[in-house]
Amino acid sequence: MRILGFLVFLAVFSPFSSVQAQTQPSFSHGFSTFGQLKYPSTFNNFDYVNPNAPKGGEIKVAGLGTFDNLNPFIIKGTPAQGISQCYATLLESSFDEPATHYGYVAEATSVAPDLSWVIFRLNPKACFNNGTPITADDIIFSFNILREKGLPLFRTYYKAVTKIEKLSDHEVKFHCPGNKSREIPAILGQLPALSKVYYETHPFEETTLTPPPCSGAYEVKSVDAGRSVTYKRVKNWWGENISSQKGRHNFDAIKVDYYRDANAMFEAFKNGQVDIRHEGSSKLWSTAYTFPAIEQGFVKKERIKHSLCIPGSYGLFFNTRREIFSDRKARQALTEMFDFNWANKNLFYNTYQRIKSYFPNTPFSAIGIPEGEERALLEPYKDQIPTEVFTDTFTLPEHNNESDIRKSSDKALKLLKEAGFEIKNQKLINVKTGKPFVFEALIYDQSLEKIFLHFQNYLKLIGIEMAVRLVDVSTYQERIDQYDYDMIISSNPQSPTPGNEQRDMWGSQAVSMKGSRNVAGIHEKPIDEMIEKLIESKDYKTLITTTKALDRLLLWGYYMIPAWTTDSIPVAFWDRFGRPDIASPYNPLTFDAWWIDKDKEKRLPSHLQRNDVNEKAPVAQSSDTKEVHDGVFCKIWSWFKGLFKNTEA
């Protein structure tokens, strides 16, 4: 889905360092905000790739649901999975050092000492797949069209830019007077190169299945509307020998086949119709990998350790735009009734840990009671935020027995009474309006139903009626864009260096912006101001302190019921791949650095050896999904970040 997947594309934005004061712009091959660059200007390739990886071969991956669009940058439609590999960006993220980018379409970058401007010098070899060069005019067009007609979050990300100046055909300057955000160069560096000439005669804001000129390593080879899309590697691609791209994009073709549900996807993988799978179900991981290909050694499975903020801010989000969830105590009461222990034992095989932060598995998690500089940041808001922020350690209920459930029920009813509700005839009623406490949980994946139905039963204990509504992906997307829901399960993936993407996640300006990531509808001045302080952090230490303060405000606001996470990525794949010897800490899967190992390919059964991705394979279909995909949003973050740098899921 676009709303989560594009999160994966923007969540990796990271800031740059400012340059020392100078009279003339000084250009660099890369920048890092909070430390020295790991790689010198003469570097050949990232350490986590094999620069001599062989090119060739064809692979198949799976998509869930359907698609109707090849433009991932607009709010309309559902983009094809993998389409973002067709677009090159000004800069490329490094996945083995935080907050660092290197040259891609832009071979060098210069940043003003006061962050008031950024200049990108374009690589003269950069071009679209139709042979036309990428010029400053294309970059200026790309910026303007995305801000004017692209996804709403572009307006948030680019608002600091007041003017774009063409210095030459290969140099463009972005003016950001008064800017205090150190990540602006990184955000601009992730600008995709779009063809100005093409969009002068083609509407940008409309869905399309006609591929536009691309600038990335792949182009669209063929489309079977709603069912499959095949990408082929661009022959003699201009970026092949750029240091940030060497050793990557090794497959000649990648075909994405779509399946109606998770069961069908798994059956397709077992039958060899899908080559690699991130396993989102702990039950399947523990019980279902016993099919013949596993026993024969043709399929490998392993858990890949990571240092990522997986799955970021992941949980059951309340839509506080709804009156029923406008009171913090009501949200806290429902949080008391969610039984993670039951889900972990009965559905997850005790393989998950509870998330207790909006920034789990990072230095940014709020722990204990705020002290020192963090407390000083929060003190000015003491009359506007819960008193518990200063006095209590944030905890979540533990339900180990019936006694724990009764304690949670009693606490929840007490909170609801304080919020203006009372029990009448076993129904929770709003004292002022007389309306019962009734709401709907919206889901698009049937595999989530068991979790919500168990929660539904617990809410009945305190007189709350929760309906569980399962809809198709398109309907779900439309309702999310319009904020037409009471509760959803969602994720905001987090970067190793949080920045101004936090505005789109929790900021007031995003509350009414169609398609924003502020799914909870948060509209709080202390949170808005803490986000701005975070963005203006002068160093990494300050960033940690400020993000902890933001985490604390979000936690005590009870905007979501925190979900679950794990410290490794469960991956299964047909044993036809070669991989680099070194894994990157911030993206250990890095699937675009894998390649086809011809010797391994030959050892597979002959009917599984791939020569033609356009060969029509039988599509496994199922209308009954019985497994619980407990790691669905963890899956989206880790999988798509490594697989094609996707912008949709």
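In the predicted model, the buried residues of helix 2 are Ala136, Asp138, Ile139, Ile140, Phe141, Ser142, Phe143, Ile145 and Leu146. These buried residues pack against strand 6 (117-122), strand 7 (163-168) and strand 8 (171-175), and also against helix 3 (152-157), helix 4 (184-189) and helix 5 (196-199). Helix 2 comprises 14 residues (residues 136-149), for which a span of 20 Å is expected at 1.5 Å a residue; the end C-alpha atoms are 20 Å apart, in agreement with that value.

The protein chain as a whole contains 20 helices and 25 strands. Of its 649 residues, 64% count as buried. Among contacts between residues at least 6 apart in sequence, 76% join residues at least 24 apart. The mean pLDDT of the chain is 88, with 90% of the residues at 70 or more. Over residues 1-22, however, the pLDDT is below 50, and this stretch makes 107 contacts in the model beyond near neighbours in sequence. The pLDDT is also below 50 over residues 612-649, a stretch with 174 contacts beyond near neighbours in sequence.

Helix 18 was examined in the same manner. For its 18 residues (residues 540-557), a rise of 1.5 Å a residue gives an expected span of 26 Å, and the separation of 26 Å between the end C-alpha atoms agrees with this expectation. The helix is mostly covered, with 14 of its 18 residues buried. At the start of helix 18, a side-chain oxygen of Asp539 comes to within 3.3 Å of the backbone nitrogen of Lys541. Following the helix is Tyr558, which has a positive phi, near 50 degrees.

A hairpin is formed by strand 16 and strand 17, with two residues between the strands. Strand 16 (residues 421-424) and strand 17 (residues 427-430) run antiparallel and are joined by four bridges. Lys424 stands opposite Lys427 of strand 17. Within this hairpin, Asn425 adopts a positive phi near 55 degrees.

Gly65 is located in the loop between strand 2 (58-64) and strand 3 (91-93). Its relative accessibility is 24%, and Gly65 therefore counts as partly exposed, since the buried class is confined to values under 20%. With residues up to four places away in sequence left out of the count, Gly65 touches Gly226, Tyr258 and Tyr259. The C-alpha atom of Gly65 is also separated by 6.8 Å from that of Asp261, although the two residues lie 196 residues apart along the chain.

The cysteines were considered next. A disulfide is a covalent bond between the sulfur atoms of two cysteines. The structure holds zero disulfides. For Cys86, the closest cysteine sulfur is that of Cys214, at 5.3 Å, which is too far for a bond, because the criterion requires the two sulfur atoms to lie within 2.5 Å. Cys86 has a relative accessibility of 3% and so counts as buried. Cys176 likewise counts as buried, because its relative accessibility is 0%.

Conventions. Residues are numbered from 1 along each chain as its sequence is written. This is a predicted model: local features need pLDDT of at least 70, side-chain atom pairs count only at pLDDT 80 or more; totals for chains, interfaces and linings use all residues. Side-chain values use heavy atoms; hydrogens and water are left out. The expected span of a helix is 1.5 Å times one less than its number of residues. Buried means under 20% relative accessible area, exposed over 50%, partly exposed in between (1.4 Å probe, protein chains only). A polar contact is a pair of N or O atoms within 3.5 Å; within protein, one must be able to donate a hydrogen and the other to accept it, and residues adjacent in sequence count only if both atoms are side-chain atoms. pLDDT is the predictor's confidence in each residue, from 0 to 100. Contact means heavy atoms within 4.5 Å. Two strands pair if DSSP finds at least two bridges between them.
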